[in-house]
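Please open the structure in the viewer and keep the selection tool at hand. The tour proceeds from one selection to the next.

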Amino acid sequence: MPKTIGDLTLYSVDDLHEQLGISKMTLRTYLREGRIRGRKLGVSWYVTEEAIREYFDEPQPDSGSTQKKKKSSKKYRYIVQGINDLVSETEECETIEEVITTLNEQAIISLFQVRIVDRETDEITEIIKARDFLDEHA
C-alpha cells in the first residue's frame, strides 16, 4: 500500500512489484542505476508517482540504439558471472554468440548475470540478468 504524506504519494519496491509485476531485484537495479528516480530512506527505496510517469514517458529509442551499437561493435567484452553463493563461476566472452553459448550450457540461467565492459576504458557499461540478455540477443 503506497504511503501518502500530504499530497505526496510514495511507492515502495514492494508496491511497484505488486502493481507492475516486475521483480523486486529488477526494480532495485533500476533505482541504483538511476533508470527510475527514487530515494532510499533507511533500507527501503521510495518512488514518487512523478518519477514513475517520467520513466514511462522517457523516450526509449536510446536503449535501442545502444543495443544496436553493442551488436555491431567490437568495442565490448562480456563477463558471465554467478550472482549468489551457490554459483561462483565467472567466464569472460569476446562475442555475444559466445555469451549465448555459455549461458545455454548453464543448468539454471537465473543464477547468472552478464557484465558488458567497454574494452577501451575497462568500465562496466551495463549489468543485465542472463535471461534478459538472451531475450535481447538470441
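Select Asp-14, which is partly exposed in this predicted model, with a relative accessible area of 38%. Next, add Lys-24, which forms a salt bridge with Asp-14; their closest N and O atoms are 2.9 Å apart. The pair links distant parts of the chain, since Asp-14 belongs to helix α1 (residues 13-20) and Lys-24 to helix α2 (residues 24-33). Lys-24 is likewise partly exposed, at 32% relative accessibility.

Proceed to Glu-54 and Arg-37, whose side chains meet in a salt bridge (2.7 Å, N to O). Glu-54 lies in helix α3 (residues 49-57) and Arg-37 in the loop between α2 and β3 (39-41), so this salt bridge ties together parts that are 17 residues apart in sequence. Now select Glu-33, Arg-35 and Glu-126, which are joined into one network by salt bridges that share partners. Within this group, the side chains of Arg-35 and Glu-33 meet at 3.0 Å, N to O. The whole structure contains 10 salt bridges.

Turn next to helix α5 and select Ile-96, Val-99, Ile-100, Thr-102 and Leu-103, its buried residues. Viewed down the helix axis, these residues fall within an arc of 165 degrees, so they line one face of α5. The face turned away from that buried side carries the exposed residues Glu-97 and Asn-104.

Finally, select Glu-105, in the loop between α5 (96-104) and β7 (112-118). Is Glu-105 buried or exposed? Glu-105 is exposed, because its relative accessible area is 60% and the cut-off for exposed is over 50%. Add Glu-89, Glu-91 and Glu-98 to see the patch of negative charge that they form with Glu-105 on the surface.

Methods: Residues are numbered from 1 along each chain as its sequence is written. This is a predicted model: local features need pLDDT of at least 70, side-chain atom pairs count only at pLDDT 80 or more; totals for chains, interfaces and linings use all residues. Side-chain values use heavy atoms; hydrogens and water are left out. Patches are made of residues with over 30% relative accessible area and no salt bridge: like charges are joined within 9 Å, nonpolar side chains (Val, Leu, Ile, Met, Phe, Trp, Tyr) within 5 Å. Accessible areas come from the Shrake-Rupley method with a 1.4 Å probe; for residues, only the protein chains shown count as cover. A salt bridge is a side-chain nitrogen of Lys or Arg within 4 Å of a carboxyl oxygen of Asp or Glu. Lys and Arg count as positive and Asp and Glu as negative; His and the chain ends are not counted. The place of a charge is taken as NZ of Lys, CZ of Arg, CG of Asp or CD of Glu. Helices (H or I, at least four residues) and strands (E, at least two) are DSSP runs, numbered from the N terminus. Buried means under 20% relative accessible area, exposed over 50%, partly exposed in between (1.4 Å probe, protein chains only). The arc is that of the directions from the helix axis to the C-beta atoms.
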